[in-house]
Number of protein chains: 2
Amino acid sequence: MNASDESLTSSADARTLPQSAQPPRQRGGSLESRLLHGLLERLGSPPIEFTLWDGERIAAAAEPVCRVRILDRATLWSILTDPQVRFPDAYSEGRIEIEGDLVRLLEEVYLASGRGRPSALVRLLERLRRPRLNSLSGSRQNIHHHYDIGNEFYTLWLGATMAYTCAYYPEPDTRLDEAQAAKMHHVCRKLRLRAGESVVEAGCGWGALALHMARHYGVKVRAFNISREQVAYARERVAREGLGSQVEYVLDDYRNISGRYDAFVSVGMLEHVGVDNYRPLGSVIRRSLGSNGRGLIHSIGRNYPASLQPWIEKRIFPGARPPSLGEMMNIFEPWDLSILDVENLRLHYAQTLRHWLEQFEAQGERVRQMFDEKFVRMWRMYLAGSVAGFTTGTLQLFQVVFASRDNNDVPRTRAHLYA
Amino acid sequence: MNASDESLTSSADARTLPQSAQPPRQRGGSLESRLLHGLLERLGSPPIEFTLWDGERIAAAAEPVCRVRILDRATLWSILTDPQVRFPDAYSEGRIEIEGDLVRLLEEVYLASGRGRPSALVRLLERLRRPRLNSLSGSRQNIHHHYDIGNEFYTLWLGATMAYTCAYYPEPDTRLDEAQAAKMHHVCRKLRLRAGESVVEAGCGWGALALHMARHYGVKVRAFNISREQVAYARERVAREGLGSQVEYVLDDYRNISGRYDAFVSVGMLEHVGVDNYRPLGSVIRRSLGSNGRGLIHSIGRNYPASLQPWIEKRIFPGARPPSLGEMMNIFEPWDLSILDVENLRLHYAQTLRHWLEQFEAQGERVRQMFDEKFVRMWRMYLAGSVAGFTTGTLQLFQVVFASRDNNDVPRTRAHLYA
């Protein structure tokens, strides 16, 4: 055992990794190992070790905290050509194995690649890159891809509320269902809902927030969604809970919202809207709200304009793109809407995703029976990568509260949110 | 007395207006009166009545809440050519008189003109319009114009703290000095200052916040300012208060900030920076903060990109331009800084300005002796117009909290601000 092996095994982080017989290569060696070194350098030298099919080991200088076993040469070449898409694909297909914690691995990659600030060229290219079209029909296809794969699957791991958005943890040990309820209260308090008011919701998921608003705040809600499965579930739920006179679920696009409301709310839809549609979305908001109007948009975001991780956009969320706060302003500024409050709940989403991932893993066998092993691994990669995105600040979560310009009936301070 | 006069005198708002013998003209009449009608229409028909030197009265259809007496024909023509600049100039020079409440008059004008949303052309022109240059020397001249007119003048009406920025009113009846102290605590809590930490302040006014941070939070502060008068005052103050070992006032531009700090803070400087300098400002912030760094910028803002009211930019704040939140993002996005929190304190600034205006009026005779009648009227117009800007949502006040991207040592919730 040499010095580098000692440091590997004595590292607290690496203790769970099984020992290897050979020392890892730092440089030189086969063509493949040199190319893998190049890849690690381009990634910012994260503390990761690759192990090849023949036992060869390649690591950046830092102590590895995770080991990636590549099972055959074709997989290696595939990863080298397009690591952002092919690495998670290879994991999904069982052509690589991870020793150590998958979340930790992805965090190290995100942290290493985020150390330099994005160059002007990268930022320009990111601005120009566009996800799949979100026309009326494009959005229907994109939403169908993710949300219509079966309500039963989602019931396995989303918890009782079926809320599929960032929860709010007043205490670090708040449980998932309570944190989802706390999020819905937080949203309603920010909107200052009063009994008898009307609310329009754009993108309502399985209907939890609309029900919550009706039950706890006495408002009437029209909730829009283009996912057939979700709307069917929500309609069944509102009937069962006897709130049908207060909540209407509408199977239609947010662009077709009509009527006037006291409040506009959208939790977890903006990621699917596409920046080109922000101005029209603002127009919908403006025409929906009177002079006492106010609203809230809750969305995954970025620190600067950038497209979604390409594998996630390709396999998980076609057409999706979380905006920077500057991009979000294109919803509000053309229509003279005032921003009252922005809160970043990034670490709450990391915690939410950890809870989902735990429940997902606990139900792994059920999911395998419903779909297949590839599906399980793909979704594990998506959920783990999302945890890592939020813990490393690659992803943000913004709650933005806004109001009509001359609405002076707004709270003087935010103390009421914490009373 | 006819119907329109009855409605005028029976209106609660107009009760203080003296009655006129003649009915106001709704249309037609002299060339001047037709042009004034045109001006009222372009302004969105605010409920204002003009009275000319010969007693002729011109009003929009709505019941007037204020009366503007134009004392001679030359003044009228001057106002018609450039109302935004010439109207307040004419008021400063005593060539028009206002009957009724000046703040109310300006509110009505802002509300009427804000009813339509800004056209695409107006927004484009606003984007292109640039205030006076804020190069290193340009900024020195611009700041000198406003802040170096004599510390004694400002002591007359700013209150004991000498804070010349939006205060924070936890209760509606909080007094000015307490509200300024509450603002400084609010800022420090948002920054989560800990004893022994270092803070750099960009634009420190007469030094109140730096002293407050040192005294109440045990931090060391380097505070930058290019106003000679303000720095002289602040240095005298820190020596008198025995905090010289903790606070250093530096007579220099924010662009020359060097060193590393735990926190960056800037309250009321951004208005003078100019949008072209936002990216360089972000660079200063980025290089000043380590990975646990966080910061706060407090600034007047707008709902969409727009230049400052042109008379204010010409006579009061040369080079100034409050940004929209989207424009502010040009400080943060190029440097991968995370926005944690945005709070809009617009109505707090309206209240602060009301308090300043009251104290200013109470000291009117002293100010007249120090300067002249024109100065008193000019500053009354500026303070009253600012109240109206904030009450009508023409102006916003944003406090933006940010942090380095991967700083996870941030509070989970904002409850600590209200504990």
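In this predicted model, A:Arg67 stands opposite A:Glu99 in β4(A). The strands involved are β3 (residues 66–70) of chain A and β4(A), which run antiparallel and are joined by 4 bridges. They belong to an open sheet of 4 strands with mixed pairing, in the order β2-β1-β3-β4 (chain A). β2 (57–59) and β4 (96–99) of chain A stand at the edges. Each has a single partner strand, so one side of each is left without a neighbour in the sheet. From one strand to the next, the twist averages 20°.

**Domains of chain A**

Chain A is divided into domain 1 (3–128) and domain 2 (136–417). Their contact takes 19 residues from domain 1 of chain A and 22 residues from domain 2 of chain A. On the domain 1 side, α4 (83–92), α5 (102–114) and α6 (120–128) of chain A each supply at least two residues. The largest share comes from α5(A), with 7 residues.

**Between the chains**

The contact of chain A with chain B takes 38 residues from each chain. On the chain B side, the elements that give two or more residues are α5 (102–114), α14 and β10 (337–344) of chain B. β10(B) gives the most, 8 residues.

The strand β10 (residues 337–344) of chain A is joined to β10(B) by 3 bridges, and the two run antiparallel. Here A:Asp341 stands opposite B:Glu343 in β10(B).

Helices meet across the chains too. The axes of helix α14 (residues 325–332) of chain A and helix α14 (residues 325–332) of chain B come within 9 Å and cross at roughly 175°. Angles over 145 degrees count as roughly antiparallel, and therefore α14(A) is roughly antiparallel to α14(B). A:Leu325, A:Gly326 and A:Met329 in α14(A) meet B:Leu325, B:Gly326 and B:Met329 in α14(B).

**Contacts by residue class**

| Contact or side | Nonpolar | Polar | Charged |
|---|---|---|---|
| Domain 1 of chain A, side that touches domain 2 of chain A | 9 residues | 4 residues | 6 residues |
| Chain B, side that touches chain A | 17 residues | 12 residues | 9 residues |
| α14(A) with α14(B) | 4 residues | 2 residues | no residues |

The contact of α14(A) with α14(B) has no charged residues. The side of chain B that touches chain A has 9 charged residues, and the side of domain 1 of chain A that touches domain 2 of chain A has 6.

Notes
Residues are numbered from 1 along each chain as its sequence is written. Chains are lettered from A and ligands numbered from 1 in the order in which they are written. This is a predicted model: local features need pLDDT of at least 70, side-chain atom pairs count only at pLDDT 80 or more; totals for chains, interfaces and linings use all residues. Axes are lines fitted to C-alpha atoms, for helices over the stretch in contact, and angles run from 0 to 180 degrees between N-to-C directions. Angles under 35 degrees count as roughly parallel, over 145 as roughly antiparallel, 65 to 115 as roughly perpendicular and the rest as oblique. Two residues are in contact if their C-beta atoms, placed from the backbone, lie within 7 Å. Ala, Val, Leu, Ile, Met, Phe, Trp, Tyr, Cys and Pro count as nonpolar, Asp, Glu, Lys and Arg as charged, and the others, Gly among them, as polar. Domain bounds come from an automatic or database domain assignment. Two strands pair if DSSP finds at least two bridges between them.
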